[in-house]
Each structure stands twice: as structure tokens, then as C-alpha cells.
Amino acid sequence: MAKNLRIKAARAALDLSQDELAKKVQVTRQTISAVENGDYNPTINLCIAICKALNKTLDELFWEEEAK
């Protein structure tokens, strides 16, 4: 699963809107939307903040699976 889909799924599992997640990590809703759409590559600090807000590890949300 692509990282943007993992982020969206983790957010949905906690019943958070993009706006609510954005407020938790102190960015705009548009930034969260861009991350989820794969249009924006977040900084490591934003990755960590998203992970903390969603109770996930960096590996769970951002590790790219190797092609088999």
C-alpha cells in the first residue's frame, strides 16, 4: 500500500478529518490533503508529527515497500 493511502487509512481509523489532523500537527488542511494525494513529500519533522498524532511508527506510515 502506498504511503499516502496508509496515512489516509490511519486517519480514517481514528475518525479524524483532514482538518483535525492538520490542527494536531500544526499545518493547513491543504498540506494534509497534498500529503495524502502524494503531491507533497513531508519533512521528517512533519512525518514524525503525523505519526504521533495517528499513533503509528515511521515504518508503518512512511516506509516504502521494495518492489518484488
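**Exercise 1. In this predicted model, work out what covers the buried residues of α1, and where on the helix those residues lie.**

Solution. Begin with the cover: what lies over the buried residues of α1 includes α2, α3, α4 and α5. Next, list the residues concerned, which are Asn-4, Arg-6, Ile-7, Ala-10 and Arg-11. Looking down the axis of α1, one finds these buried residues within an arc of 160°, and therefore they line one face of the helix. A general rule helps in reading such a list: an α-helix has 3.6 residues a turn, so residues three or four places apart point the same way.

**Exercise 2. Decide whether Arg-11 is buried or exposed, and find which residues it is in contact with.**

Solution. Arg-11 is part of helix α1. Its relative accessibility is 10%, and because buried means under 20%, Arg-11 counts as buried. Leaving aside neighbours within four places in sequence, Arg-11 has contacts with Leu-16, Ser-17, Gln-18, Leu-21, Glu-36 and Leu-54. With one of these, Glu-36, the side chain of Arg-11 forms a polar contact of 2.6 Å.

**Exercise 3. Describe the largest nonpolar core, and state which helix gives the most to it.**

Solution. This core has 16 residues, and those with the most contacts inside it are Ile-7, Val-25, Ile-50, Leu-54, Leu-61 and Phe-62. At least two core residues come from each of α1 (3–13), α2 (18–25), α3 (29–36), α4 (44–54) and α5 (58–62), while α4 gives the most, with 6 residues. Take Ile-50 as a case to follow: apart from neighbours within four places in sequence, Ile-50 is in contact with Ile-7, Val-25, Ile-32, Leu-61 and Phe-62.

Conventions:
Residues are numbered from 1 along each chain as its sequence is written. This is a predicted model: local features need pLDDT of at least 70, side-chain atom pairs count only at pLDDT 80 or more; totals for chains, interfaces and linings use all residues. Side-chain values use heavy atoms; hydrogens and water are left out. A nonpolar core is a set of buried Ala, Val, Leu, Ile, Met, Phe, Trp, Tyr and Cys residues joined through side-chain atoms within 4.5 Å. Buried means under 20% relative accessible area, exposed over 50%, partly exposed in between (1.4 Å probe, protein chains only). Helices (H or I, at least four residues) and strands (E, at least two) are DSSP runs, numbered from the N terminus. Contact means heavy atoms within 4.5 Å. The arc is that of the directions from the helix axis to the C-beta atoms. A polar contact is a pair of N or O atoms within 3.5 Å; within protein, one must be able to donate a hydrogen and the other to accept it, and residues adjacent in sequence count only if both atoms are side-chain atoms.
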